[in-house]
Structure formats: C-alpha cells, structure tokens
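The following exercises ask the reader to describe residues and strands step by step. Please consult the sequence and the structure while working through each solution.

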Amino acid sequence: DPFNRTKAHNANVVDAVSGGNANTATINNVLNVIDGEANQLKVLKQAKDAVKKDGEVFISVYQGKGDGVGKATSKGFQQNKKTKDYLELVKKVFPDAKIEKNIIRATNN
C-alpha cells in the first residue's frame, strides 16, 4: 500500500513473498482505485509472482456506483465498475479466474 506504508515496508513485504513464497494472495479493493489497465496488470502479476504454484488469489472490488464511469475522487480515483467487469482483465494473468459470491477467485497454474 504505497499510500499507507513506507517504501521500505512495502519493499520488505515484496521481498518476503516474491518467487512463490505465499500460499494465497488477497487483492482487496485495489483494482478499482487504479486508473489504467497497465497498472492493474502490474498488481495482478505481482500477486501471481507471490503465490506458489496452485496457490489461490482472491480479488474483491468496491463497485462504487457500478456504472463503469471512472472518475477522480477526494481520495484518488474510483473505477465504478462491477466485479464482473474485471474478470476479463484478471483472466489475462489468471486464465482460470471465476467469480464466486462476488469475489474473483483464481489459481496460480
């Protein structure tokens, strides 16, 4: 979290889990505040790198208005997309991704 943690803290966490050292990864309300697919893909690829083979990744998003119209907010940016609108993006990194109970669930195959 670059907004609530120091660069050193974030670097230590990345070092600790990179290369498949985590059993799972959770991306909680992150993709929806990133303006731009390239940076969203970076987050997904970082989760893929962190999770061991056959480990699971869980992704939740705040849907905001759900109208798909992204806009700046007082705290940054909000995509306003529904969970299902992120599925094709997630599948670029995790082809088996699916939605279960409004959470995107994927396996690092």
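A residue is called exposed when its relative accessible area is over 50%, and buried when that area is under 20%. The model used here is predicted.

**Exercise 1.** Determine whether Lys53 is buried or exposed, and whether Asn32 is buried or exposed.

*Solution.*
Step 1. Lys53 lies in strand 2. Its relative accessible area is 60%, so Lys53 is exposed.
Step 2. Asn32 belongs to the loop between strand 1 (22–28) and helix 2 (37–50). Asn32 has a relative accessible area of 1% and is therefore buried.
Step 3. Leaving aside neighbours within four places in sequence, Lys53 touches Asn108 and Asn109. On the same basis, the contacts of Asn32 are Ser60, Val61, Tyr62, Phe77, Gln78, Gln79 and Tyr86.
Step 4. The two residues are 21 residues apart along the chain, and 26 Å separates their C-alpha atoms.

**Exercise 2.** State which side chains of strand 6 (residues 103–107) point to the buried face.

*Solution.*
Step 1. In a regular strand, side chains alternate between the two faces of the sheet.
Step 2. In strand 6, Ile104 and Ala106 point to one face and are buried. Ile103, Arg105 and Thr107 point to the other face and are not buried.

**Exercise 3.** Identify which strands pair with strand 6.

*Solution.*
Step 1. Strand 2 (residues 51–60) runs antiparallel to strand 6, and four bridges join them. Here Val57 has Ala106 as its bridge partner.
Step 2. Strand 5 (residues 98–100) also pairs with strand 6 in the antiparallel sense, over three bridges. Glu100 is the bridge partner of Ile103.
Step 3. Strands 5 and 6 form a hairpin with two residues between them. In the turn, Lys101 has a positive phi of about 50 degrees.

Technical notes
Residues are numbered from 1 along each chain as its sequence is written. This is a predicted model: local features need pLDDT of at least 70, side-chain atom pairs count only at pLDDT 80 or more; totals for chains, interfaces and linings use all residues. Side-chain values use heavy atoms; hydrogens and water are left out. Buried means under 20% relative accessible area, exposed over 50%, partly exposed in between (1.4 Å probe, protein chains only). Two strands pair if DSSP finds at least two bridges between them. Contact means heavy atoms within 4.5 Å.
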